[in-house]
Amino acid sequence: MGFYFTRDINPFANFKYIRLNFTPMQRRNFIKSTSLLSTALVFNKLPAFAAQTAYPEVRTMASQRKFSSQAIEAAITEFKKNVKNEELAWLFNNCFPNTLDTTVTYTIKNNRPDTYVITGDIDAMWLRDSSAQVWPYLHFIKEDKQLQQLVAGVINHQAACILKDPYANAFYNDPNKVGEWAHDVTKMQPGIHERKWEIDSLCYPIRLAHKYWKLTGDTSPFDQNWKAAIQLTLKTFKEQQRKENEGPYTFQRKTSWATDGVPLNGYGYPVKPTGLICSAFRPSDDATIYMYLVPSNFFAVVSLKQAAEMVRQISKDETLANELQSLAAEVEHALQQHAIIDHAQYGRIYAYEVNGYGSYNLMDDANVPSLLSLPYLDAVSKADPIYQNTRKMLLSLNNPFFFKGSAGEGIGGPHAGKDMIWPLGITIRGLTSSNDAEIKHCLTMLKNSNAGTGFMHESFYKDDAKRFTRKWFAWANTLFGEFLWETYKTKPHLLA
């Protein structure tokens, strides 16, 4: 597989250590070919910092940062000044600006801002991740015109991606680049990194655009290209309701990794038409079992309503707005009919996946949208009794992907494997909680999960946070920063 060792010198300790370095492709192959525990062991085995350098400088040097925002730097200064917990202040300094420091490429194309955002260690732009990575900065854009332009550039770039292929989930900045998944059995084309159909890929750009518009009143990104992307989103959602046929999308991959393939000639297992929208993949990029992915359908309802409002007020297209609103109502009704089940222990709860025939999957995945994240996405109220029943089940061992150990507890998923807890899931738990003790518990677990690195990770082993995957995962970093900032603004006593 071409793995190689490098010997690094730790500038904060008087010794050397060995670490495995991987390209993204090597990382994926390595996980597939080894046991999960050994993967986590060798993936990142970092030394403990000496006491005198407990919180070393690990943020990217100012001269090497991709983008700098005065408003974000001011927020970091304020947080560090007022939060007495030194480790949390250090983590906020490192994590909150990580997307800006390391993942954005801002340019002007055709006299318009354009922003390409990678996830971290993979040079590709996911529609989901790019939206989520810049989302926490929206509250600062009125204070920083350059930051506002950067976000406008993300909206412009995403519209172009959707017009290229609404079924793709990740794209390259170079429209001619051919990547590692070029031979997937689907309608691949240059410029596309991966073509996994995920409902949320078309929801996240709407969520970002709607919030940007509400905060700034700026309509300059919402031109004919943006409207065409909305029309294509509507068309794609309707195709994937699969009322008359299975639609134009299929996907297969030559792989031994089961969650990377879609069965039955790439169409997935059968569904009964109900008004819900099929999603071949989850936001983890893992294939669904039952294709009506409930949290993503909830997200689609919110996004369709937001798109309808924008099209009505900005584009002045009442016909398109009514079509978007109508589909939102249809999906919303179908969720009430098919996504709620009676559980012997918890009562009425939301299933994770259903197929319209009465089959359902009870679980949750840490990636967002998840059932746990529904209030964060404004899909349900925190006080919704069905959500509260569901939440109790999700945060228990009755959820097959809830793991609990000496290093923490939280939701993971098939993507990183058994016993691997995702900081994303812990952060969302904190952001959707109204209980001070629970929020404090989440903050403590997240703080401890950094394992001396100063950053969040994709996942960590339930009994040892030093065994983690992905040392550079900007979404997890920035979302944690959002959690810290919200706690600082609303419940600062929990940061003591």
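## A network of charges

Let's start with a cluster of charged side chains: Arg 128, Asp 129, Glu 198, Asp 200 and Asp 285 are linked in a network of salt bridges. Keep in mind as you look around that this is a predicted model. A search through the whole structure turns up 32 salt bridges, and a few pairs are worth picking out.

## Three pairs to look up

Try Arg 59 and Asp 101, which form a salt bridge whose closest N and O atoms are 2.7 Å apart. What does this pair tie together? Arg 59 sits in the loop between helix H2 (36-43) and helix H3 (70-82), while Asp 101 belongs to helix H5 (residues 98-102), so the bridge connects parts that are 42 residues apart in sequence. Are Arg 59 and Asp 101 buried or exposed? Both of them are buried.

Glu 194 and Lys 196 make another salt bridge, with 3.4 Å between the closest N and O atoms. Glu 194 has a relative accessible area of 4%, so it counts as buried. Lys 196 is buried too, because its relative accessibility is 1% and the cut-off for buried is under 20%.

Now go to Arg 312 and Glu 318, where the closest N and O atoms of the salt bridge are 2.9 Å apart. Here the partners are partly exposed: Arg 312 has 27% relative accessibility, and Glu 318 has 42%.

## Into the core

How much of the protein is tucked away? Of its 496 residues, 61% are buried. The largest nonpolar core has 148 residues, and the members that touch the most others are Leu 147, Trp 197, Phe 222, Phe 237, Leu 324 and Tyr 350. Which helix gives the most to this core? That would be helix H10 (residues 294-315), with 11 residues.

Zoom in on Leu 147 to see who its partners are. Setting aside neighbours within four places in sequence, Leu 147 is in contact with Phe 67, Ser 69, Ile 72, Leu 100, Tyr 137, Phe 140 and Ile 141. There is also a second, separate core of five residues, and among them are Ile 122, Ala 124, Trp 126 and Ala 170.

## Helices, strands and a little sheet

In terms of secondary structure, the protein has 15 helices and 17 strands. Three of the strands form an open sheet in the order E8-E11-E12, with antiparallel pairing. The edges are E8 and strand E12 (360-361), each of which pairs on one side only.

As background, strands of a sheet pair through backbone hydrogen bonds, either parallel or antiparallel. In this sheet, E8 and strand E11 (residues 353-354) pair over two bridges. If you'd like a spot to click on, Tyr 292 has Val 354 in E11 as its bridge partner.

Contacts also reach across the sequence. Among contacts with a separation of 6 or more, 67% are between residues 24 or more positions apart.

## Out on the surface

The accessible surface of the protein comes to about 19,500 Å², and 51% of that belongs to carbon and sulfur atoms. Which residues form a nonpolar patch on the surface? Leu 264, Tyr 269 and Ile 289 do, and together they have about 290 Å² of accessible area.

Take Leu 264 from that patch as an example. It is found in the loop between helix H9 (224-239) and strand E8 (292-293). Its relative accessibility is 48%, which means that Leu 264 counts as partly exposed.

Notes
Residues are numbered from 1 along each chain as its sequence is written. This is a predicted model: local features need pLDDT of at least 70, side-chain atom pairs count only at pLDDT 80 or more; totals for chains, interfaces and linings use all residues. Side-chain values use heavy atoms; hydrogens and water are left out. Patches are made of residues with over 30% relative accessible area and no salt bridge: like charges are joined within 9 Å, nonpolar side chains (Val, Leu, Ile, Met, Phe, Trp, Tyr) within 5 Å. Accessible areas come from the Shrake-Rupley method with a 1.4 Å probe; for residues, only the protein chains shown count as cover. A salt bridge is a side-chain nitrogen of Lys or Arg within 4 Å of a carboxyl oxygen of Asp or Glu. Helices (H or I, at least four residues) and strands (E, at least two) are DSSP runs, numbered from the N terminus. Buried means under 20% relative accessible area, exposed over 50%, partly exposed in between (1.4 Å probe, protein chains only). A nonpolar core is a set of buried Ala, Val, Leu, Ile, Met, Phe, Trp, Tyr and Cys residues joined through side-chain atoms within 4.5 Å. Contact means heavy atoms within 4.5 Å. Two strands pair if DSSP finds at least two bridges between them.
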